[in-house]
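Student: Before we rely on this protein at the bench, could we go through it together, one question at a time?

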Amino acid sequence: MIRRAFSDMHPLLQMVFFFSMLISGMAIALGLGMAGLAAVSGAGFEETMNAAARPGSEWGKVVNIVLNSANQIIAFALAALLFHWLFGGSLRTAFAPTPEGSDRPVIGWVLAAGLAALAMSPVLDLTYRLNRMIVEATPIGPLVAQYEGAAEVVTRALLTMPDLPSFGMTLVTIALLPAVCEEIAFRGVLMPRIARTSGNIHLAVWVSAALFSAVHMQFFGFIPRMLIGAGLGYLTIHSGRLWPAVVAHFVNNGSAVIAAYVLGEEWLATGLDPMSPWGTEDLIYAAGCGAVLVGVVVWLRRRPRTFEATSTAYLQNENAGRSGKGVRTR
């Protein structure tokens, strides 16, 4: 009865409801995380909040890790899956959107996803520079730069890992949980919902990618993160399952964590500043990454099921028994 009532909601209201659930999940995660930390540590709620504003301290770092982890699990994974269930989706379709997706060999997709994520690095670097120059040229440029600087302080603190346990904890917080939880929300739940409503697979990929980027609230990185989201969306469509996108997302985030742990301050001084000029080695690396990306695209296009056939199956599965709307893949 409850699910039937939600299934009749206008598609635009569904999107509003989806983000309302994400925001509510964030508030719940913050409240539960702070209350739990305050209870475990014996510190007051206000003292715990103050510690969150000091990520460079040992306790402040723990607070930020716990809050980020709670936010991923509650706001992105659980809230998105609850939304998916309320609007008539099954758990299986959140992880394998096409019926054939769960039956296909996974190793090839995992390798392609990992290689593509690593090879995207120069593209993300260049688009970050373009994105930043555009934002800095606007009237809100100085305000955005101040906000981004504050966010960088937290990132730098989390990526300062003096020992193996802290590396493992950071890898889970920054790489594993976002890879699983954000992919469930945006490629497993939101993208199919937009596809079913519009009947256009490309619109679904790019709109969900833009919303994925926007929810991170990092203005300098909006364009590169949107490109990441689009790539993850097309991986999901091509493979018919969510796991290749999860792997690519993990590799993208995890490579930064590993680099920061292995190289330490040397990487933190340059890796968090993508505006440094390219040298000869960077150009050679970019050329190699370009060759890898071309190889991945060729591999995708030679799969037994073409992109059009796969995306049509994806949309038909989402549309089964619903509107009977035509499918547009071009």
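Tutor: We begin with a definition: buried means under 20% relative accessible area, exposed means over 50%, and partly exposed lies in between. Please keep in mind throughout that this is a predicted model.

Student: With those cut-offs, is R156 buried, exposed or partly exposed?

Tutor: The side chain of R156 meets that of E152 in a salt bridge, at 3.5 Å from N to O. E152, with a relative accessible area of 32%, is partly exposed. The value for R156 is 29%, which lies between the 20% and 50% cut-offs, and therefore R156 counts as partly exposed.

Student: Why can E152 and R156 be about one helical turn apart, and which helix holds them?

Tutor: Side chains of opposite charge can pair when their charged atoms come close. E152 and R156 are four residues apart in sequence, and therefore about one helical turn separates them. The helix that holds both, spanning residues 141-158, is helix 8.

Student: How many salt bridges does the structure hold?

Tutor: Besides the pair E152 and R156, one of them joins R132 and E136 at 3.0 Å, N to O, and these two residues are four places apart in helix 7 (residues 121-136). E136 is partly exposed, at a relative accessible area of 39%. Another joins E183 and R187 at 2.8 Å, N to O, and the number for the structure is four.

Student: Is E183, in the pair with R187, buried or exposed?

Tutor: E183 and R187 lie four residues apart in helix 9 (residues 164-198), about one helical turn from each other. R187 has a relative accessibility of 0% and counts as buried. E183 also has a relative accessible area of 0%, which is under the 20% cut-off, and so E183 is buried.

Student: Which helix supplies the largest share of the largest nonpolar core?

Tutor: The largest nonpolar core has 35 residues, and those with the most contacts inside it are F18, F76 and F186. At least two residues each come from helix 2 (11-41), helix 4 (58-86), helix 5 (91-95), helix 9, helix 10 (201-214) and helix 11 (222-239). The largest share, 11 residues, is that of helix 9.

Student: Leaving aside neighbours within four places in sequence, which residues does F76 contact?

Tutor: F76 is one of the residues with the most contacts inside the largest nonpolar core. With those sequence neighbours left aside, its contacts are L22, M26, N71, C181, E182, A185, F186 and V215.

Student: Within what arc do the buried residues of helix 14 fall, seen down its axis?

Tutor: The buried residues A286, C289, V296 and L300 of helix 14 pack against helix 6 (107-119), helix 7 and helix 11. On the other side of helix 14, T280, L283, I284, A287, A291, V294 and R301 are exposed. The buried residues line one face of helix 14, because their directions fall within an arc of 80°.

Student: Where in the protein chain is confidence lowest, and at what mean?

Tutor: The mean pLDDT of the protein chain is 84, with 86% of its residues at 70 or more. Confidence is highest in helix 10, at 94, and lowest in helix 15 (residues 307-319), at a mean of 61.

Student: Over which residues is the pLDDT below 50?

Tutor: Where pLDDT is low, the predicted coordinates should not be read in detail. The stretch in question has 29 contacts in the model beyond near neighbours in sequence. Its pLDDT is below 50 over residues 318-330.

Methods
Residues numbered from 1 in each chain as written. Heavy atoms only, no water. Buried < 20%, exposed > 50% of the residue type's maximum accessible area, 1.4 Å probe, protein only. Core = buried A, V, L, I, M, F, W, Y, C linked by side-chain atoms within 4.5 Å. Contact = heavy atoms within 4.5 Å. Arc of directions from axis to C-beta. pLDDT = per-residue confidence, 0-100.
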